[in-house]
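Before reading any detail from a model, it helps to ask how far each part of it can be trusted. Please look over the sequence and the structure below with that question in mind.

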Amino acid sequence: MRFAPAAAALSLVFAVTASVTGAQDRTPDPRAAALVVQGEASLNAGEPQAAIDAYEAALAVDPGYTGIFLKLAEVARYEGLQGKAIRYYREALVRDPGNFAAISGEGAALVEKGALERAKRNLAQLRSLCGSNCPETQALQSTIAAGPPARLAVETDAPESVAQN
């Protein structure tokens, strides 16, 4: 009886530790992995809707597979839906806060949206987590250096030119 509180606390610690390490080190369901490969092939073939269908089916098969959110974000960016991509990256970060690909991808989507200061915060976060030589850090750094797409620069310049007239 005297050991019941200690035993309960110890079992809680083991349960939490097992769930955290299990979530980070788990392998995806093979059916979900096959659907992800199918989605990648569809996206490479220029069929984003087929890719989305495959990724969503993979998510239904294995809801704990964080990588699917990165793939959905990739398709959203391919379609020019940066806001939607950012939501997918943030969902991946909720599930895995230290996911370098999600931090970098969100930063790239922010640049594409024109939010350079927020993208620079992601870059600073990546530098602190994985260093300056990390591939994700270097990719985001080059995306920020390139700046927002030309179409965005033209759209943001249009109101200024109208105001001058």
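The paragraphs that follow take up confidence and then two pairs of helices.

This is a predicted model, and its chain has an average pLDDT of 81, with 75% of the residues scoring at least 70. Confidence is highest in helix α5, residues 82–95, where the mean is 95, and lowest in helix α1, residues 4–25, where the mean is 45. Over residues 6–23 the pLDDT stays under 50, and the model has zero contacts for them beyond four places in sequence; for residues 154–165 the pLDDT likewise stays under 50, again with zero contacts beyond four places in sequence. Where pLDDT is low, the predicted coordinates should not be read in detail.

Turning to the first pair, helix α2 (residues 30–44) packs with helix α3 (residues 48–61) at an angle of about 170°, their axes lying 7 Å apart. Because angles over 145 degrees count as roughly antiparallel, α2 and α3 are roughly antiparallel to each other. On the α2 side the contact includes L35, V36 and L43, which meet residues of α3 including A51, A54 and Y55. By class, this contact of α2 with α3 comprises 12 nonpolar, three polar and two charged residues.

In the other pair, the axes of helix α6 (residues 100–113) and helix α7 (residues 116–130) come within 8 Å and cross at roughly 160°, and α6 and α7 are therefore also roughly antiparallel to each other. The crossing of α6 and α7 is left-handed. Among the residues that make the contact are F100, I103 and L110 of α6, together with L116, L126 and L129 of α7; the contact of α6 with α7 divides into nine nonpolar, four polar and two charged residues.

Conventions
Residues numbered from 1 in each chain as written. Predicted model: local features only at pLDDT ≥ 70, side-chain atom pairs only at ≥ 80, totals over all residues. Heavy atoms only, no water. Axes fitted to C-alpha atoms, helices over the stretch in contact; angles between N-to-C directions. Helix = DSSP H or I, 4+ residues; strand = E, 2+ residues; numbered from the N terminus. Parallel < 35°, antiparallel > 145°, perpendicular 65-115°, else oblique. Left-handed = near helix turned anticlockwise from the far one by under 90°. Contact = heavy atoms within 4.5 Å. Nonpolar A, V, L, I, M, F, W, Y, C, P; charged D, E, K, R; others polar. pLDDT = per-residue confidence, 0-100.
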